Amino acid sequence: MIRWTERKGQTFTPDFFVSAIIFIFILNVSYLAWNGAQDTSSDFETDHMQKKVFYITDMLARTQGYPYGWNSTDVELIGLSDSSNMINSSKLDELQNISYDDMTFLWGIIDYEFNLTISGETTYATFGKTIDTDARFITPIERVVLIDHGGGTIDKGYLRYTLWKI
């Protein structure tokens, strides 16, 4: 008669079964942790972009910029408004003299691409690049503004700002 304790070379033993279950459990936990980390980094990037877009559009639509009476050579903070949500067309004209690279530097978005369009019944100005709809992360915003042409002429318009990262 053969004793179970004396058998050698068994393929499937209880200790192998327990170690296989532990190994599969560790693989599953690692997989879930990796996916969770990926989701968190995507959420972080999206949240960071939304904060940037809100900050930039708020500065454009609600402030005069810095220094007061800025021009394309001395601007430190770009603001297009003389009063809240009232875009000054002369500041809009001055903004056209600022290069794309200078705008990304001033706004702190060097790692991103942007498109800024100010329009109403017609498009008054467009800055930046053409929107890449295939970008990995994309954050658009649209704000209602008033556009002061001077001489008492005021039009309703839209400030559309899109930020993306490939």
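N85 sits in the loop between β1 and β2, the latter spanning residues 86–88. The residue is not a glycine, yet its phi is positive, at about 65°. N85 has a relative accessible area of 23%, so it counts as partly exposed. The cut-off for buried is under 20%. These values come from a predicted model.

A second backbone feature lies in another loop. P67 belongs to the loop between α1 and β1, where β1 covers residues 81–83. The peptide bond from Y66 to P67 is cis, and its omega is near -5°.

Now place these loops in the whole chain. The protein has three helices and six strands. Along the sequence they follow the pattern α-β-β-α-α-β-β-β-β. Of the 166 residues, 30% are buried. Contacts with a separation of 6 or more can be split by distance along the sequence: residues 24 or more positions apart account for 54% of them.

Start the interior with the nonpolar core. The largest one has 29 residues. Within this core, the residues with the most contacts are I78, L80, L95, W107, F114, L116 and Y161. Several elements build it. At least two residues each come from α1, α2 (89–95), α3 (100–107), β3, β4 (123–128), β5 (137–150) and β6. Helix α1 gives the largest share, five residues.

L116 shows what one core residue touches. Leaving out residues up to four places away in sequence, its partners are L60, L95, W107, A125, T126, F127, L159, R160 and Y161. Two of these partners, W107 and Y161, also appear among the aromatic residues discussed next.

How many aromatic pairs does the whole structure hold? A search finds four. One of them joins W107 and F114. Their ring centres lie 5.2 Å apart, with 85° between the planes, and the pair is edge-to-face. Edge-to-face requires an angle over 60 degrees. W107 counts as buried because its relative accessibility is 5%. F114 has 0% relative accessibility, so it is buried too.

F114 also pairs with Y161. Is this pair stacked or edge-to-face? The ring centres are 5.7 Å apart and the planes meet at 5°, so the pair is stacked. The cut-off for stacking is under 30 degrees. F114 lies in strand β3 (residues 113–119) and Y161 in strand β6 (residues 153–165), so their pairing ties together parts 47 residues apart in sequence. Y161 is buried because its relative accessibility is 0%. Together with Y100, the residues W107, F114 and Y161 form one aromatic cluster. W107, F114 and Y161 are also listed among the core residues with the most contacts.

Finally, turn to the surface. The protein exposes about 11,000 Å², and carbon and sulfur atoms supply 56% of that area. Which residues make up the nonpolar surface patch of about 660 Å²? F17, V18, I21, I22, F25, I26 and V29 do. V18 is found in helix α1, which runs over residues 14–62. With a relative accessible area of 46%, V18 is classed as partly exposed, because this value falls between the buried and exposed cut-offs of 20% and 50%. Helix α1 thus appears twice in this account: it holds V18 of the surface patch, and it supplies five residues to the largest nonpolar core.

Key:
Residues are numbered from 1 along each chain as its sequence is written. This is a predicted model: local features need pLDDT of at least 70, side-chain atom pairs count only at pLDDT 80 or more; totals for chains, interfaces and linings use all residues. Side-chain values use heavy atoms; hydrogens and water are left out. Helices (H or I, at least four residues) and strands (E, at least two) are DSSP runs, numbered from the N terminus. Buried means under 20% relative accessible area, exposed over 50%, partly exposed in between (1.4 Å probe, protein chains only). Contact means heavy atoms within 4.5 Å. Accessible areas come from the Shrake-Rupley method with a 1.4 Å probe; for residues, only the protein chains shown count as cover. Rings of Phe, Tyr and Trp (its six-membered ring) pair if their centres lie within 6.5 Å; planes under 30 degrees apart count as stacked, over 60 as edge-to-face and the rest as tilted. Patches are made of residues with over 30% relative accessible area and no salt bridge: like charges are joined within 9 Å, nonpolar side chains (Val, Leu, Ile, Met, Phe, Trp, Tyr) within 5 Å. A salt bridge is a side-chain nitrogen of Lys or Arg within 4 Å of a carboxyl oxygen of Asp or Glu. A nonpolar core is a set of buried Ala, Val, Leu, Ile, Met, Phe, Trp, Tyr and Cys residues joined through side-chain atoms within 4.5 Å.
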